[in-house]
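Colleague: I would like to go through this chain step by step. Please keep the answers short.

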Amino acid sequence: MAIVVETGFRRHSTRRAAGSVMSQFRHAAGICTIVSSFTFLFALVIGLIR
């Protein structure tokens with residue numbers, strides 16, 4: 001008689017990898033949003049000064 005134990009290691013590792021990619025994408029999107037908003041404000045201030 002054999003007892004089979006499934007740890008689910010593969011499922012968790014793929015989930016973690018997909019979550020990591022999405023986390024990095026969200027982080028990059030947040031950085032792009034912040035940089036673009038600062039660029040817009042900088043251009044707006046320069047436009048008002050001229």
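Colleague: Does Phe40 count as buried or exposed, and why?
Modeller: This is a predicted model, so the answer rests on computed values. Exposed means over 50% relative accessible area. Phe40 has 56% relative accessibility, and therefore Phe40 counts as exposed.

Colleague: Which helix does Phe40 lie in?
Modeller: The chain has one helix and zero strands. That helix covers residues 9–49, and Phe40 lies in it: helix H1.

Colleague: What is the area of the nonpolar surface patch that Phe40 helps to make?
Modeller: Phe40 shares this patch with Ile34, Phe38, Leu41, Leu44 and Leu48. Across the chain, 70% of the accessible surface belongs to carbon and sulfur atoms. The area of the patch is about 690 Å².

Colleague: How does Ser36 count by relative accessibility?
Modeller: Ser36 also lies in helix H1. Partly exposed covers values between 20% and 50%. Ser36 is at 42% relative accessibility, so Ser36 counts as partly exposed.

Colleague: Which backbone oxygen does the side chain of Ser36 reach?
Modeller: A polar contact needs N or O atoms within 3.5 Å. The side chain of Ser36 reaches its partner at 2.9 Å, and that partner is the backbone oxygen of Thr33.

Methods: Residues are numbered from 1 along each chain as its sequence is written. This is a predicted model: local features need pLDDT of at least 70, side-chain atom pairs count only at pLDDT 80 or more; totals for chains, interfaces and linings use all residues. Side-chain values use heavy atoms; hydrogens and water are left out. Helices (H or I, at least four residues) and strands (E, at least two) are DSSP runs, numbered from the N terminus. Accessible areas come from the Shrake-Rupley method with a 1.4 Å probe; for residues, only the protein chains shown count as cover. Patches are made of residues with over 30% relative accessible area and no salt bridge: like charges are joined within 9 Å, nonpolar side chains (Val, Leu, Ile, Met, Phe, Trp, Tyr) within 5 Å. A salt bridge is a side-chain nitrogen of Lys or Arg within 4 Å of a carboxyl oxygen of Asp or Glu. Buried means under 20% relative accessible area, exposed over 50%, partly exposed in between (1.4 Å probe, protein chains only). A polar contact is a pair of N or O atoms within 3.5 Å; within protein, one must be able to donate a hydrogen and the other to accept it, and residues adjacent in sequence count only if both atoms are side-chain atoms.
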